[in-house]
Amino acid sequence: TKLVRPGRSPQFAFSSTSRMASEMNRLVQQYPLAAKNALRDAQLPMVKKLDVSLNVAACDNRPLVVTVASGQPELDAINQKLLRKAWSEQFAGQFVYGSTLKKTELKPLAGAKESSAIMVVEPGAFGVSGKVVAQLDASATEASIQAMLVKAIKDFKPYVKSHRAHI
């Protein structure tokens with residue numbers, strides 16, 4: 001006698017899709033503030049190190065937004081400009097974020113300018129290099145940041161991954 005159906009799917013726990021949906025709705029009712037605060041946070045969803053963020057962007061097949069400044073107060077101000085955009089419905093999950101205080105960490109990013117504070121980078125296939133496709137200085141307005149991010153999403157062409165290509 002079988003005790004449970006074999007396999008690893010939602011049917012393992014739920015007999016039908018409508019049963020799964022009703023159970024999920026029941027769970028949502030337990031957390032009324034979760035939906036209200038779903039896309040809000042006090043910080044950017046930042047990967048700690050720039051080289052790791054480049055690698056994560058390549059693995060996730062997403063463009064990378066890099067913020068750069070010479071001091072922590074300046075970097076915090078630049079990141080603050082991106083905060084609302086990063087958590088907006090339009091941009092949430094569309095980018096990987098990284099930042100640095102060291103200009104030397106920008107070496108793998110082809111086309112990075114010294115004066116840039118915000119850059120959109122198209123990561124290379126293996127996550128060790130990237131190409132800057134858009135950049136703004138620290139005086140960028142919210143409108144110019146918005147336009148840059150919209151264009152970056154529109155122009156970004158995710159590469160098709162082939163698991164056999166690296167063999």
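**A six-stranded sheet and the helices around it**

I start with strand β3. Val96, Gly98 and Thr100 point one way from β3, Tyr97 and Ser99 point the other way, and all are buried. That makes five buried residues out of five, so β3 counts as mostly covered. Before going on: this is a predicted model.

Now the sheet that holds β3. Strands of a sheet pair through backbone hydrogen bonds, either parallel or antiparallel. This sheet is open and has six strands, in the order β1-β3-β2-β5-β6-β4, with mixed pairing. Which strands stand at the edges? They are β1, residues 46–47, and β4, residues 109–110. Each has a single partner strand, so one side of each is left without a neighbour in the sheet.

On one side of β3 is β1. The two run parallel and are joined by two bridges. Methionine 46 has tyrosine 97 in β3 as its bridge partner. On β3 there is also a pairing with β2, again in the parallel sense, over five bridges. Tyrosine 97 turns up here too, as the bridge partner of valine 65. Further along, valine 68 has threonine 100 in β3 as its bridge partner.

Next, β2 itself. Five of its five residues are buried, so this strand is mostly covered. Leu64, Val66 and Val68 point one way from β2, and Val65 and Thr67 point the other way.

What lies across these strands? Helix α3, residues 50–60, lies across β1, β2, β3, β4, β5 and β6. With respect to β3, the helix runs at about 165°. The loop between α3 and β2 contains asparagine 61. Its phi is near 60°, a positive value in a residue other than glycine. Is asparagine 61 buried or exposed? Its relative accessible area is 12%, and the cut-off for buried is under 20%, so asparagine 61 is buried.

Moving to the other part of the sheet, β5 and β6 pair in the antiparallel sense over six bridges. Strand β6 covers residues 130–136, and β5 covers residues 118–123. I pick out one residue of β5, glutamate 122. In β6, its bridge partner is lysine 131. Leaving aside neighbours within four places in sequence, glutamate 122 is in contact with Gly130, Lys131, Val133 and Phe156. Glutamate 122 is partly exposed, because its relative accessible area of 30% falls between the 20% and 50% cut-offs. The C-alpha atom of glutamate 122 is separated by 9.1 Å from that of alanine 152, and the two residues are 30 apart along the chain.

The last item is a pair of helices. Helix α4 covers residues 72–86, and helix α5 covers residues 142–155. They pack at an angle of about 55°, with their axes 11 Å apart. That angle makes α4 oblique to α5. The crossing of the two is right-handed. Which residues meet there? From α4 they are Lys81, Leu82, Arg84 and Lys85, and from α5 they are Glu142, Ile145, Gln146 and Leu149. By type, the residues of this contact divide into four charged, three nonpolar and one polar.

To go back over the main points: the sheet is open, with six strands and mixed pairing. Its strands β2 and β3 are each mostly covered. Helix α3 lies across the six strands, and α4 packs against α5 at about 55°.

Notes: Residues numbered from 1 in each chain as written. Predicted model: local features only at pLDDT ≥ 70, side-chain atom pairs only at ≥ 80, totals over all residues. Heavy atoms only, no water. Axes fitted to C-alpha atoms, helices over the stretch in contact; angles between N-to-C directions. Helix = DSSP H or I, 4+ residues; strand = E, 2+ residues; numbered from the N terminus. Parallel < 35°, antiparallel > 145°, perpendicular 65-115°, else oblique. Left-handed = near helix turned anticlockwise from the far one by under 90°. Contact = heavy atoms within 4.5 Å. Nonpolar A, V, L, I, M, F, W, Y, C, P; charged D, E, K, R; others polar. Buried < 20%, exposed > 50% of the residue type's maximum accessible area, 1.4 Å probe, protein only. Pairing = 2+ DSSP bridges.
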